[in-house]
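Let's take a walk through a protein model together, moving from the whole chain to a few helix pairs and then to some single residues. Keep the viewer open as you read.

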Amino acid sequence: MLDTLVGQGFRGPSADVLRTKWLPKLKSEVLQRTQEIEKDWATTGCTILADSWTDNKLKALINFSVSSPLGTFFLKTVDASPHIKNHRGLYDLFDEVIQEVGPGNVVQIISDRNINYGNIDKLIMQNYNTIFWSPCASFCVNSMLDEFSKIDWVNQCICQAQTITRFVYNNNWVLDLMRKCMEGQELVCSGITKSVSDFLTLQSLLRHRSKLKQMFHSPEYVSSSYANRSLSISCVEILNDDELWRAVEEIAAVSEPLLRVMRDVSGGKAAIGYIYESMTKVMDSIRTYYIMDEGKCKSFLDIVEQKWQVELHSPLHSAAAFLNPSIQYNPDIKFLSTIKEEFYNVLHKVLTAPDQGHGITLELHAFSKTRGMFASNIAKEARNNTPPGIWWEQYGDSAPALQHIAVRIASQVCSTLTFQRDWSIILQSHCEKRNKLDKEALADQAYVHYNLTLHSESRMATKKKGDGDPIALDHIDMTSPWVEDSDSPNFTQWLDRFPSALDGGDLNTRQFGGSIFGTNDNLFNL
């Protein structure tokens, strides 16, 4: 990387200099940046994100991050392995993080389901009356997509489609020809999860089917040695199977609404005010698409409804939807009366003073009836194009007590999926063979790396707003089932896909520097 930035022959700092000089300096700069974010918590509140990893045996790690409108920052990683079967120990880990962030700042905790937390969610909400425990929306929506892919006919479509992509990506000449025919575009779309990859790649194949057929029938291909191979003939048969592609069209139509929800809730967006409406639209779209096929409608709808009601839905989602002006003032919304009771339950929980009730009632009336500043033309125009938290901050002055609560609720995220974590860095620092000094340095390294990554991705997202897909990776996962031919793996071919891993040099130094300094990290003002 340094050769690219500075020039051939430049000697970068040694691992020891990086550890003793640059790492503390970078950590200090990161801490300064996070302190600026913390100042905003008194107004907007924040969400503690608990993102976990486990090998399903003895090892379990939890990444703690804190998210608020000014940004998300990585706090620390804790080794939860000794507490997997001791929920009191897990509670103490979370309690320590709450105290570190400040109980008055925390609106909610969001966790995934990789670790069984038992009843600590109830204990925390009981001991901290104003804090909620919410499920991770991305995790739950991905679980819905995963169940979709297990439906027999859907799984058959995926397997047949993978026959095409494996053949193309495991033969360099065919891959080059495909890219030429598709003007440099890729056929495989790697997503942030396996299930997202499955449905994004099916959509890609559907879009590019005609170009693929042209490629397989082109004189250049027909005259090649690949044309008569059995896998090539199978690919042509699959591409010509109209019934199969009608099924792929169905899959694309029924999965796209869930992919849209994944896009809405990922990347650190304050999407809590929209998740209830988004999931309602998903279920409505399935009913509409399969209006003439009750059996298929039920198979997809049962998955979504069960996971929405049992795993994903939170009272905080209802409260945020009720406070969302684009929902509150939309006459076409049918579920407002349904979520009203849950909103009042949340309101009762967050009201810390007994005498606040009467004032809030009058302010709620002003909000629902569009009185005071809520009635201004600028507030009305901003209802549908301004994030709810910002809308309340700007136009909620007529209802100050309600404004304070609304800003804190509506400003939160609903997913732990803020960026792609490299768990290998974390695992290094929690290796039993490391001495105390190594572990401290690697913990600082992870802290700096993750926070630089978050800051870099936040800037890139701002620059590229509206471009790109937040649930698609920039690179192709060459080990995914869409690429890797599991029946006949070729070790040499697999290594050829990762030439940078075999470039010689001091591997430990390279790993240390590379894990701290990503290609997008803005260091030394370069």
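What follows begins with the overall chain and then turns to local packing and individual residues.

A word on the source before anything else: this is a predicted model. The protein chain has 25 helices and 5 strands. Of its 526 residues, 49% are buried. If you take the contacts with a separation of 6 or more, residues 24 or more positions apart account for 70% of them. The accessible surface of the protein chain comes to about 26200 Å², and carbon and sulfur atoms hold 51% of that area.

Now for the helix pairs. Two packed helices are described by the angle between their axes and the distance between the axes. Helix α6, which covers residues 137-150, is a good place to start, as it appears in two of the pairs below.

Take α6 with helix α9 (residues 194-216) to begin with: the two pack at an angle of about 60°, and their axes are 8 Å apart. Angles of 65 to 115 degrees count as roughly perpendicular and those under 35 as roughly parallel, so α6 is oblique to α9. The crossing of α6 past α9 is left-handed. On the α6 side the contact is made by N142, L145, D146, F148 and S149, and on the α9 side by S195, V196, D198 and F199. Sorted by class, this contact of α6 with α9 has 4 nonpolar, 3 polar and 2 charged residues.

Next, look at α6 with helix α14 (residues 294-312). Here the axes come within 10 Å and cross at roughly 155°. Because angles over 145 degrees count as roughly antiparallel, that term describes α6 and α14. In this pair α6 passes α14 in a right-handed crossing. From α6, the residues A137, C140, V141, S143, M144, E147 and F148 take part, and they meet F300, I303, V304, K307, W308, E311 and L312 of α14. The contact of α6 with α14 divides into 10 nonpolar, 1 polar and 3 charged residues. F148 of α6 is worth selecting in your viewer, since it is listed both in the contact with α9 and in the contact with α14.

A third pair lies further along the chain. Helix α7 (residues 152-169) and helix α8 (residues 172-181) pack at an angle of about 110°, with 6 Å between their axes. That angle makes α7 roughly perpendicular to α8. Where do the two helices touch? F167, V168 and Y169 in α7 are in contact with V174, L175, M178 and R179 in α8. The class count for α7 with α8 is 6 nonpolar, no polar and 1 charged.

From α8 we can step to the loop between α8 and α9, where E183 is found. Most residues other than glycine have a negative phi. E183 has a positive one, near 55°. Is E183 buried or exposed? With a relative accessible area of 68%, E183 is exposed. T370 also has a positive phi, of about 60°, although it is not a glycine. You can find T370 in the loop between α18 (356-368) and α19 (377-381).

Let's finish with three residues and their distant partners. W391 lies in helix α20 (residues 388-395), and at 0% relative accessibility it counts as buried. Beyond four places in sequence, W391 is in contact with P325, Y329, F367, F374, A379, A382, R383, T386 and G396. Its C-alpha is 9.7 Å from that of A406, which is 15 residues away in sequence.

G273 sits in the loop between α12 (242-265) and α13 (275-289). With a relative accessible area of 1%, G273 is buried. Setting aside neighbours within four places in sequence, its contacts are A320, A321, N324 and I327. One of these, N324, is 51 residues away in sequence from G273, and their C-alpha atoms are 5.8 Å apart.

The last stop is R260, placed in helix α12. R260 is partly exposed, with a relative accessible area of 44%. R260 and I471 are 211 residues apart in sequence, and their C-alpha atoms are 9.3 Å apart in space.

How values were computed: Residues numbered from 1 in each chain as written. Predicted model: local features only at pLDDT ≥ 70, side-chain atom pairs only at ≥ 80, totals over all residues. Heavy atoms only, no water. Axes fitted to C-alpha atoms, helices over the stretch in contact; angles between N-to-C directions. Helix = DSSP H or I, 4+ residues; strand = E, 2+ residues; numbered from the N terminus. Left-handed = near helix turned anticlockwise from the far one by under 90°. Contact = heavy atoms within 4.5 Å. Nonpolar A, V, L, I, M, F, W, Y, C, P; charged D, E, K, R; others polar. Buried < 20%, exposed > 50% of the residue type's maximum accessible area, 1.4 Å probe, protein only. Areas by Shrake-Rupley, 256 points an atom, 1.4 Å probe, with all protein chains shown as cover.
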